[in-house]
Amino acid sequence: MNADTFGFDPAEILVGGTWRAPEGGGRLSLEDPSRGAVIGEIARGTAADIDAAVEAAGAALRGPWGALAAAERGRLLSRLGRLVEQNIEHLATLEAMDVGKPLSQARADARALARYLEFYGGAADKIMGEPNAYLPGYTVYTLREPHGVTGHIIPWNYPMQIIGRSVGAALAMGNACVLKPAEEACLTALAFARLAEEAGLPAGALNVVPGLGEEAGAALAGHPGVHHISFTGSVPVGAAIQAAAARNVVPVTLELGGKSPQLVFGDADLDAALPFLVNAGIQNAGQTCSAASRILVQRDVLDEVTERMAARYAALRTGPADADLDLGPLISGAQKARVEGYLSRGADLELAACGEVVANAPGGGHYVAPHLFAAVPPGHPLAREEIFGPVQTIIPFEDEAEAIAIANGTDFGLVAGVWSRDGARQMRLARKLRAGQVFLNNYGAGGGVELPFGGIGKSGHGREKGFEALYGFSVLKTVAALHG
Ligand code: ADP
């Protein structure tokens, strides 16, 4: 059933240009979250497979991949981006089946992957060092060189987008990659690798080893042959990865999620704000690192914002990915149980509105209707902890100072949004909010492939996306020549 359903065998791994079974032939089952049904099997990659993949990546750097001109690398990535575009429907269908996201969101993710490849393809030959006006008699300049072998451990919520921003940037910079997708969702990583082969990526430049986090993931994070690790996922696993990398003195980029606020002031254009307030909470059923799970509202517009958000919530429909409704299911039974645990901890709160799970949603699917809570105290667990589900909290504030204190009052700092017509306030808040990105009178800036992204505090460190990612995936070398 495997190959017929997906167009390829998802139980194979890619190492050094060869698709094969993992060592020992282990497999994990693949679940469709919309139905809770097993629909195939994926490989259970092992530490031995990670060894082989790291070896193959090293060989690629010493071979044809390492010898390619930057412009050639760029052309190759651009070609890959065009292939992704031509295969959007296939990729989106796989992602919808694997992650449970509504088809139109899966299509948008595939388009974003293509755009990352276009962007990093175009940037590959525009990364330069700089001359340095040093002492007389010297000529000094810097070079930007790839780290070498880069490890990419990615989650299940946005596989295609994260492959684009992480593997796309690393390849553009000339690194060779070992990608460990999440055990819950690795189909598009495998499909992407096949397109990369079709685009002509040399063997070993991209290796893909699905498997369990504590097996293949841990082996990659602690591998002495890896020169940089980029990780997107949960805080405890990020900390474990940083510790493992530290033993080899290897740099890491960590993107660990958040509890991002949008601040709505009394002078805001509420018509403009409303769709952003809701969408940033329910997109991908709230399983988004940058979800705006906290909506901070100034008291003079609190009733109006609560009522208008509640009206939108009441119309939201949740159902299977292929029905393409507002929300799909959560990724797994475990995630559903986690979110429901938070909902019961919210039993003491005022529920402003709850969306609907459609009546014909398949029984085994992991559905949770979206919940909006009103007038939540900022210290409540639902207002402080990352839930990773379709739950938003409205938190009232009196004035700007209180809004800043509440917004900055969690351990996280990924993204923040401000809605206000007061330009001076926008500028003040842009400086005062603890976040890696601040959006003024918008939220998300339409995806923002070009915009550096990452957190502070428990949201992680390092920056992905934009040109900045290329710096992250490179090492600066200084060359100083004394010629008299
Ligand atoms: P989520 O909570 O979103 O599932 P995780 O942090 O558990 O996020 O997982 C994100 C990625 O990290 C997945 O690819 C997973 O397999 C991997 N992972 C989980 N545990 C470990 C670990 N101990 N070492 C390395 N990678 C891991």
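The dialogue below sets values from a predicted model against the definitions behind them.

Student: What do the values rest on?

Tutor: This is a predicted model, where local features need pLDDT of at least 70, side-chain atom pairs count only at pLDDT 80 or more, and totals for chains, interfaces and linings use all residues. Residues are numbered from 1 along each chain as its sequence is written, and side-chain values use heavy atoms, with hydrogens and water left out.

Student: How do you know that Cys177 has no bond to the closest cysteine sulfur?

Tutor: A disulfide is a pair of cysteine sulfur atoms within 2.5 Å. The closest cysteine sulfur to that of Cys177 belongs to Cys186 and is 17 Å away, which is too far for a bond. Cys289 is in no disulfide either, as the nearest cysteine sulfur, again in Cys186, lies at 18 Å. By this rule the count of disulfides is zero.

Student: Why is Cys289 called buried?

Tutor: Buried means under 20% relative accessible area, exposed means over 50%, and partly exposed is in between (1.4 Å probe, protein chains only). Cys289 has 11%, so the residue is buried. Cys177, at 0%, is buried too.

Student: What class does Ala352 fall in, and why?

Tutor: The relative accessible area of Ala352 is 25%, so the residue is partly exposed. Ala352 lies in strand S15 (residues 350-354); strands (E, at least two residues) and helices (H or I, at least four residues) are DSSP runs, numbered from the N terminus.

Student: What makes strand S8 mostly covered?

Tutor: Five of the five residues of S8 (residues 176-180) are buried. Ala176, Val178 and Lys180 point one way, and Cys177 and Leu179 the other way. In a regular strand the side chains alternate between the two faces of the sheet.

Student: How do you know that S7 and S8 pair?

Tutor: Two strands pair if DSSP finds at least two bridges between them. Strand S7 (residues 149-153) and S8 have five bridges in the parallel sense, so the pair meets the rule. Ile153 has Lys180 of S8 as its bridge partner.

Student: Why are S5 and S22 placed at the edges of their sheet?

Tutor: The sheet is open, with three strands in the order S5-S6-S22 and antiparallel pairing. Strand S5 (131-132) and strand S22 (474-482) each have a single partner strand, so one side of each is left without a neighbour in the sheet. Strand S6 (residues 138-146) pairs with S22 over nine bridges in the antiparallel sense, with Val479 of S22 as the bridge partner of Tyr141.

Student: What makes Ser234 a polar contact of the ligand?

Tutor: For the ligand, the rule is a pair of N or O atoms within 3.5 Å. An N or O atom in the side chain of Ser234 is 2.7 Å from an oxygen atom of the ligand, so the pair counts. A backbone N or O atom of Ile154 is also 2.7 Å from a ligand oxygen, and a polar backbone atom of Gly213 is 3.3 Å from one. Taken alone the ligand exposes 560 Å², of which the protein buries 80% (Shrake-Rupley method, 1.4 Å probe).

Student: Which element gives the most to the shell around the ligand?

Tutor: H9 does, with three residues.

Definitions and conventions:
Polar contact = N/O pair within 3.5 Å; in protein donor to acceptor, adjacent residues only side chain to side chain.
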